[in-house]
Amino acid sequence: MSNPHHDYYARSHHDHEHGHDHAHDHDDHKHPNPANEHDNGPPGEYEIMSRAMQELLEAKGIIKAEQITKRMEQFDEEFPYRGAQVVARAWVDPAFKQRLLTDGRAACAEMGTMLEAERLIAVENTPDVHNMIVCTLCSCYPRGLLGMPPTWYKSRNYRSRVVFEPRAVLREFGTVLPENVTVRVHDSNADMRYLVVPMRPARTEGWSEERLVGLISRDMLVGVTVPKAPE
Ligand code: FE
């Protein structure tokens, strides 16, 4: 890398024959403005197909509309919380943190969360290294831990710029890192998802796991913000 403070990590990435495993949001082409990705214009091809699929499955009695509603609520309410729980556990339990960093999927399974992707790679922020997650191709994201990806994560703007100017993107999220910190950008794919493990803030000694969870937001686990020490 020519610039030691900006590493772009692409492990096996999208050079495999695009075996994406789920209904993916390859929909950015029909939304020129990423800020208006939702609720504008007619439904896209994938939206129409997924609605048709849902109607067929309901008509055949295979699923009920309530099950879909329940699942969507889980994505909104329960799943984002799971990522924070995993990180809070890692903050209070060094042995768990080690297992999380070694095999993220197995560590999450310990906490009762079965993840959709083959591998979860937990990347730890340190005083010297800050990690960020992107899917440069589409929107691969640890949904089982963080819920549905936010609109900005799927936007072409984020997906392209985070690789070339991560610090500028961070600044837009209000995150300014010291110059000596190396920023690493990790590119997700269908088989491999990432979770950022932020640094535990100062002045939280002796806090319970539950209280620590309250300091952790989704954006920190994607690496665009960092948790703040309590006042
Ligand atoms: Fe993707």
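Me: Let's start with Gln85. Leaving aside the neighbours within four places in sequence, which residues is Gln85 in contact with?

Reply: Gln85 touches Met111, Glu209 and Val213, once those neighbours within four places are set aside. Keep in mind that we're looking at a predicted model.

Me: How far apart are Gln85 and Glu209 in sequence and in space?

Reply: It helps to put the two separations side by side. Gln85 and Glu209 are 124 residues apart along the sequence, with 7.8 Å from C-alpha to C-alpha.

Me: And where does Gln85 sit, and how accessible is Gln85?

Reply: Gln85 belongs to helix H2. Its relative accessibility is 28%, so it counts as partly exposed; the band for that label runs between 20% and 50%.

Me: What about contacts across the chain: what share joins residues at least 24 apart?

Reply: Take the contacts between residues at least 6 apart in sequence: 71% of them join residues at least 24 apart. For the overall make-up, the chain has 10 helices and 5 strands, and buried residues account for 44% of its 231 residues.

Me: Back to H2. How do I read its packing against H3?

Reply: Look at the approach and the angle together. The axes of H2 (residues 65-92) and H3 (residues 94-102) come within 5 Å and cross at roughly 125°. The two helices are therefore oblique to each other, since that angle falls between the roughly perpendicular range, 65 to 115, and the roughly antiparallel one, over 145. As for handedness, H2 passes H3 in a left-handed crossing.

Me: Which residues meet there?

Reply: From H2 you get Val86, Arg89, Ala90 and Val92, and from H3 there are Pro94, Phe96, Lys97 and Leu100. Sorted by class, that contact holds 6 nonpolar residues, 2 charged ones and no polar ones.

Me: How many disulfides does a search of the whole structure find?

Reply: The search turns up 0 disulfides. The test is a pair of cysteine sulfur atoms within 2.5 Å. While we're on cysteines, Cys108 has a relative accessible area of 0%, so it is buried. Cys135 is buried as well, with a value of 0%.

Me: Now Met132: buried or exposed?

Reply: Buried, because its relative accessible area is 0%, and the label applies under 20%. Met132 lies in strand E3, residues 129-134. From Met132 to Asp187 the C-alpha distance is 8.8 Å, with their positions 55 residues apart in sequence.

Me: One backbone item to finish. What is the phi of Arg203?

Reply: First the general idea: most residues other than glycine have a negative phi. Arg203 is not a glycine, yet its phi is positive, about 60°.

Me: And where is Arg203 placed?

Reply: You'll find Arg203 in the loop between strand E5 (192-197) and helix H9 (209-213).

Conventions: Residues numbered from 1 in each chain as written. Predicted model: local features only at pLDDT ≥ 70, side-chain atom pairs only at ≥ 80, totals over all residues. Heavy atoms only, no water. Axes fitted to C-alpha atoms, helices over the stretch in contact; angles between N-to-C directions. Helix = DSSP H or I, 4+ residues; strand = E, 2+ residues; numbered from the N terminus. Parallel < 35°, antiparallel > 145°, perpendicular 65-115°, else oblique. Left-handed = near helix turned anticlockwise from the far one by under 90°. Contact = heavy atoms within 4.5 Å. Nonpolar A, V, L, I, M, F, W, Y, C, P; charged D, E, K, R; others polar. Buried < 20%, exposed > 50% of the residue type's maximum accessible area, 1.4 Å probe, protein only.
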